[in-house]
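Please look over the structure shown here before reading my note. I have tried to set out my points slowly, with each term explained where it is first needed.

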Amino acid sequence: MSTITSLDRRLFLASSAAGELMIALGLPIGAARAQAAAVFGSFLRIAPDGQVTAVVPCVEMGQGSHTALAMILTDELGADWSRVTVVAPPLGLAYRTPGRPFQNTSGSQMVRRWETPLRRSAAAAREMLVQAAANQWRVETTACAVANGEVSHPPSGRRATFGALAGEAAKLPEPKEPAVRTTRTLIGKSLPRVDIPAKVNGSAVFGIDVRLPGMIFATIRQAPVFGAKLVSVDDTKARAMPGVIDVVKLPDAVAVVADSFWRAKSAADFLEPVYSGTAHARISTDDIMKSQQIQLDSPVASVGIESGDISTVHSASANLYRADYSVPFIHHATMEPMCCTAHLTDDKFEFWVPTQNHTGVQQVAVKVSGMAPDKIVVNATLVGGGFGRKFEQDFVEQAALIAKAVKRPVKLIWTREEDIQHGFYRPAMSARLTADLDPEGFPRALIMRVVGPSVVEHTIGQPFVNGVDPVAFLGVSTETPQSPSRIQQYAIKNFRGEYVYQPTHVPVGYWRSVGASQNGFFIESFIDELAAKAGKDPYAFRQRLLQKSPRGLAVLDRVAKEAGWEQPLAAGRHRGIAFSECVGSMFAAIAEISMTGGVPNVHRVVCAIDCGKAIHPENVIRQTEGCVIMGLSAALAERITIADGKCEQSNFHDYPLLGIASIPRIEVHVIESGAALGGVGEAGVPHRPWPTRCLRRLGSACGHCR
């Protein structure tokens, strides 16, 4: 009799990691090492051996913020980068996003919002270390220097490590106005990312990897029609399956709990749930889009942005041009499906979850358990793809309800089918742009009307601002207070943005770059069409419109230069160009495209981005590449459709992502303008740098691009 030992890839990699594996739940080695460390504020701990632990105030989901934020802390502290360990934050007020009432990781905000607070915190710690050394040596602090994890006194040659000084330093009062350094040693360097080694050797702990002593598993079957409720379920067959521990009824779903995920999933196939009927059970994608088209003609709309005088747009004698556009629902399609581990005991409710929203987890836990907020513990794991989906709390609440029912640590894992069919999708939206043109064909006035559901209504539940969902206009107006009403950076003096709320029963939520995702496409397609109508080169047309935006113009010119805009293309190839401002960064892209059998092939994408300054240049490039790929995939491959009130797609066979073979050559050029920090993780998504005109040049009414 032979014995077969099963060893999966992750376990193999983890076993090979030579001591770097902290099994599943434990703190990273660095954090464990730092337990006896001196604490400096909420973000730094220094152990007696000199090891520095940086508590970065965000989760890592591939965006590289753990590295960038740790670089800021290390640079300001004067620590030795090779002796810095990075950990994610616990739930706590100190980690709430500056200027926001909640703790989350979203909106390409982490580095730009946290740079100053982290730098001040590290500067305070550095001054405390220097003061401790000066006290010990009986010298002036101004005569001391800090570098590579040491404080030195050059006149006497004395030196002391951070570890040797930390204990006494932490007892000193924290400076109220620490002086930040004017020189940087790490910022601007492309250091190896701190999250990569664990992801390569298999020791990284994502939400789906969590293991707890005595843990059981759950999976779920949810009402297929959005909004339907669970009426009853025949679970006789499921309960009879091997390993099944319980079947838990939820308001709109039923969960099977077993001793393994596979057994829970297998048993769930034998459930016979009955769901309530709803008024939405016959609604289709066509119904939704037709209702939006009707609203494009509505005499009533709310005004979200207005500047100048747009009366000429309504003049019968004006030289008007109009175009309509629409985009479909799109899913986040994270590689790690929704999952959450929860354990309710008498004195606390604890979660291990890949979440972008610590505060949301806490709120759900309080709601389900009735416990005080300080009894909620959130262990945020690495996030296996977020893009806004893991800001939501639906799967967390389900895990909490199941844990409350079974009174054991339980990990809920959605199947891919449940994940795709129960998303909070990028909303399907429609837009109409109408411009009054001057004799040269440039827009003197422009009205942009957007029609669709509201992300704000779902996520925050707050009333609109003057009847407008502000998220619907992301990527339309600039973010500067000096020019709050200008469309992008374009010099169009007279502009009005209108919004018509058209609700749908289909759940919608934050999708990478949110409203800018579709608005970049709407605006740039329209600009391209105006250029074509005027008989002008689309690059030159945009140059003229960006004359009052030096940053915008520099980005546009850079991408045109790098792409060789003036150079002839190979036969059958065409170029498209696009520009936008998103999350405080300027971005432009040029794509080279050909068409085969009515299907567009993107061969090359050249990008230029101005995010003010690049904390980690290589990460800016990689994030931008990811933006381009995700934007291409959304444009060329992805579409959620609705039939009989429910999502028609169910897995990657009918919801394909852009495959590796379709990924073009991508070139990214980073411009350091010195402007205020902009976001990076979403800046390049809104582009479809082959807008409508480019496709028309190809002679195809292409149904693949949207």
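The points below go through two helices, some single residues and the cavities.

1. On the basis of the note: this is a predicted model, in which local features need pLDDT of at least 70 and side-chain atom pairs count only at pLDDT 80 or more, while totals for chains, interfaces and linings use all residues. Residues are numbered from 1 along each chain as its sequence is written, and side-chain values use heavy atoms, with hydrogens and water left out.

2. On the length of helix 9: helices (H or I, at least four residues) and strands (E, at least two) are DSSP runs, numbered from the N terminus. Helix 9 covers residues 285–296, and its 12 residues should span 16 Å at 1.5 Å a residue, which agrees with the 17 Å between its end C-alpha atoms. The expected span of a helix is 1.5 Å times one less than its number of residues.

3. On the two sides of helix 9: the buried residues of this helix are T285, I288, M289, Q292 and L296, where buried means under 20% relative accessible area, exposed means over 50%, and partly exposed lies in between (1.4 Å probe, protein chains only). Seen down the axis of helix 9, these buried residues fall within an arc of 90 degrees, so they line one face of the helix; the arc is that of the directions from the helix axis to the C-beta atoms. D286, K290 and I294 are exposed on the other side of helix 9. The cover over its buried residues includes strand 14 (320–327), strand 19 (429–437), strand 20 (443–452) and strand 25 (642–643).

4. On helix 10: the 12 residues of this helix should also span 16 Å at 1.5 Å a residue, and the end C-alpha atoms, 17 Å apart, agree with that. Its buried residues are H358, T359, G360, V361, Q362, V364, A365 and V368, and they pack against strand 16 (349–353), strand 17 (376–380) and helix 11 (394–406). Just after helix 10 comes G370, which takes a positive phi of about 80 degrees.

5. On Q362, which lies in helix 10 (residues 358–369): is this residue buried or exposed? At 15% relative accessibility, Q362 counts as buried. If residues up to four places away in sequence are not counted, Q362 touches L91, P373 and I376, where contact means heavy atoms within 4.5 Å. Q362 and A164 are 198 residues apart in sequence, and their C-alpha atoms are 38 Å apart in space.

6. On two further buried residues: S65 is found in helix 3 (residues 65–77) and is buried, with a relative accessible area of 7%. Residues up to four places away in sequence aside, S65 touches C58, E60, A70, M110 and V111. N494, in strand 21, counts as buried at 15% relative accessibility, and, with the same kind of neighbours left out, N494 touches S307, G308, D309, I310, R444, A445 and L446.

7. On H458: this residue belongs to helix 13 (residues 455–459) and counts as partly exposed at 31% relative accessibility. Leaving aside neighbours within four places in sequence, H458 is in contact with E392, F424, V508 and G509. The C-alpha atoms of H458 and G509 are separated by 7.0 Å, although the two residues are 51 places apart along the chain.

8. On positive phi values: most residues other than glycine have a negative phi. N148, however, has a phi near 50 degrees, a positive value in a residue other than glycine; N148 sits in the loop between strand 5 (145–147) and strand 6 (150–153) and is exposed, with a relative accessible area of 60%. V514 also has a positive phi, near 50 degrees, and lies in the loop between strand 21 (494–501) and helix 14 (515–534), but V514 is buried, with a relative accessible area of 15%.

9. On the cavities: how many cavities of 30 Å³ or more does the structure hold? There are three of them, and about 70 Å³ of space lies in the largest cavity. A cavity is a set of points, on a 1 Å grid over the protein atoms alone, where a 1.4 Å probe fits but cannot get out, and lining residues have an atom within 4 Å of a point. Grid points are joined across faces, edges and corners, and a volume is the space filled by probe spheres set on the points. The lining of the largest cavity includes V514, G515 and Q518.

How values were computed: On a 1 Å grid over the protein atoms alone, a cavity is a set of points where a 1.4 Å probe fits but cannot get out, and a pocket is an open set with protein on both sides within 12 Å along at least five of seven lines; lining residues have an atom within 4 Å of a point.
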